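Good morning, everyone, and thank you for making room for me today. I would like to walk you slowly through one protein chain, so please have the picture open in front of you as I talk.

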Amino acid sequence: MNLNPTPKPTFGNIDIQEEVERLIDRDGFYVILIRPIMQMRCLCWNEQTKEARSDCQTCFGTGYLLKFERHKCRDFRTTDNFIAKSLQQFATGTLLEPAQYFYLKKQSNISSNMFIVIAEWDGLNPIKESMEAFEVNIVDKHRGKGGKLEYYRVGAKSRPDITNRLQRAPIKNLQVIDK
Ligand SMILES: [Zn+2]
C-alpha cells in the first residue's frame, strides 16, 4: 500500500492523541472490530493451496479464527476544523475506493485485514438487523513527535457479503474496549 507521507500539521501545545480521543468519546459511535487471530488458523485452511474457504462461516474467508471487539470511533465527514485540516492531507491519490472513513483510537490497533461493523446498540448488544460491514483497506497511522503513534484514520469498503453472514453468525465473546 502506497500512502504518501503527509506533512505533520502543528497545533501548538495540543496533545493530539488526547484531543482526538476526546472528540471520539464526545461525538463518536460504537462499532465492532473483527480481528483475525493470526496465531489461530481456521479449520477450513488448506495448507496445500494456502487458501481459506471464501464462504467459511467461521473465519469469513480470512483463514483465521476471529475476535470481536467493541470500540468507539468517529467518521470522517465532519466540519470540525481540527479534523478537517488533517483530512485534506489524507491521500488524495488513494485508490481502492473506500466507501467509508473512520478515526480510531491508538488502542484499536487496527490493520488492513480487519472488518469494521457499524451497528445500533441495545446496551452492550449490537442489533443484528442494523449491522453493516466494511473491510479496512487503507490504514494511516498518524504519528506525532518522535514517531509516537497518536491515532488511526482508515478507509474501508463496503462488504455486503460479510453483512449477510453476520445475520447468521452469533457475535461471540464481544470484548468491550470502549464502554
Ligand atoms: Zn474458515
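I will begin with the whole chain, then go through the strands, the core, one helix and two single residues.

Please keep in mind from the start that this is a predicted model. The average pLDDT of the protein is 85, and 81% of the residues score at least 70. There are two stretches that I would ask you to treat with caution. Over residues 78-88 the pLDDT stays under 50, and the model has nine contacts for them beyond four places in sequence. Over residues 92-96 the pLDDT is likewise below 50, and that stretch has six contacts in the model beyond near neighbours in sequence. Where pLDDT is low, the predicted coordinates should not be read in detail.

Now to the overall layout. The protein contains three helices and nine strands, and if you read along the sequence you meet them in the pattern α-β-β-α-β-β-β-β-β-β-α-β. Of its 179 residues, 26% count as buried. If we take the contacts between residues at least 6 apart in sequence, 71% of them join residues at least 24 apart.

Let us look next at how some of the strands pair. Strand β1, which covers residues 29-41, pairs with strand β2, residues 64-75, in the antiparallel sense and over nine bridges; as one example, F29 has C73 in β2 as its bridge partner. β1 is also joined by four bridges to strand β4, residues 115-118, and these two run antiparallel, with V31 standing opposite I118. From β4 we can move on to β7, since β4 and β7 pair in the antiparallel sense over four bridges, and here the bridge partner of F115 in β7 is E135. β7 is in turn joined to β8 by nine bridges, again antiparallel, and one of the facing pairs is K141 with Y152 in β8. β7 and β8 form a hairpin with five residues between them, and in its turn G146 has a positive phi of about 65 degrees.

What lies inside? The largest nonpolar core has 27 residues, and those with the most contacts inside it are V31, F102, L104, F115, I116, V117 and V154. The elements that give two or more residues to this core are α1, β1, β3, β4, β7 and β8. Take V31 as a case to follow on your screen: leaving aside neighbours within four places in sequence, V31 is in contact with H71, C73, I116, V117, I118 and A119.

The helix α1, residues 16-27, is worth a closer look, and we can start with a check on its length. At 1.5 Å a residue, the twelve residues of α1 should span 16 Å, and the end C-alpha atoms are indeed 16 Å apart, so the two values agree. Which residues of α1 are buried? They include I16, V20, E21 and I24. Seen down the axis of α1, the buried residues fall within an arc of 125 degrees, and therefore they line one face of the helix. It may help to recall that an α-helix has 3.6 residues a turn, so residues three or four places apart point the same way. The buried residues of α1 pack against β2, β3 and β8, while the face turned away from them carries the exposed residues E18, R22, D25 and R26.

Finally, two single residues. E135 sits in strand β7, and, leaving aside neighbours within four places in sequence, E135 is in contact with F115, A156, K157 and R159. Although E135 and R159 are 24 residues apart in sequence, their C-alpha atoms are 6.3 Å apart in space. Is E135 buried or exposed? E135 counts as partly exposed, because 19 other C-beta atoms lie within 10 Å, and a residue needs 20 or more to be called buried.

The second residue, G61, is found in the loop between β1 and β2. G61 is also partly exposed, with 17 other C-beta atoms within 10 Å. Not counting residues up to four places away in sequence, G61 touches A52, R53, S54 and C56. G61 and I162 are 101 residues apart in sequence, and from C-alpha to C-alpha they are 9.6 Å apart in space.

Thank you for listening; I am happy to take questions.

Definitions and conventions: Residues are numbered from 1 along each chain as its sequence is written. This is a predicted model: local features need pLDDT of at least 70, side-chain atom pairs count only at pLDDT 80 or more; totals for chains, interfaces and linings use all residues. Two strands pair if DSSP finds at least two bridges between them. pLDDT is the predictor's confidence in each residue, from 0 to 100. Two residues are in contact if their C-beta atoms, placed from the backbone, lie within 7 Å. A nonpolar core is a set of buried Ala, Val, Leu, Ile, Met, Phe, Trp, Tyr and Cys residues joined through C-beta atoms within 7 Å. A residue is buried if 20 or more other C-beta atoms lie within 10 Å of its own, exposed if 12 or fewer, and partly exposed in between; C-beta atoms are placed from the backbone. The expected span of a helix is 1.5 Å times one less than its number of residues. The arc is that of the directions from the helix axis to the C-beta atoms.
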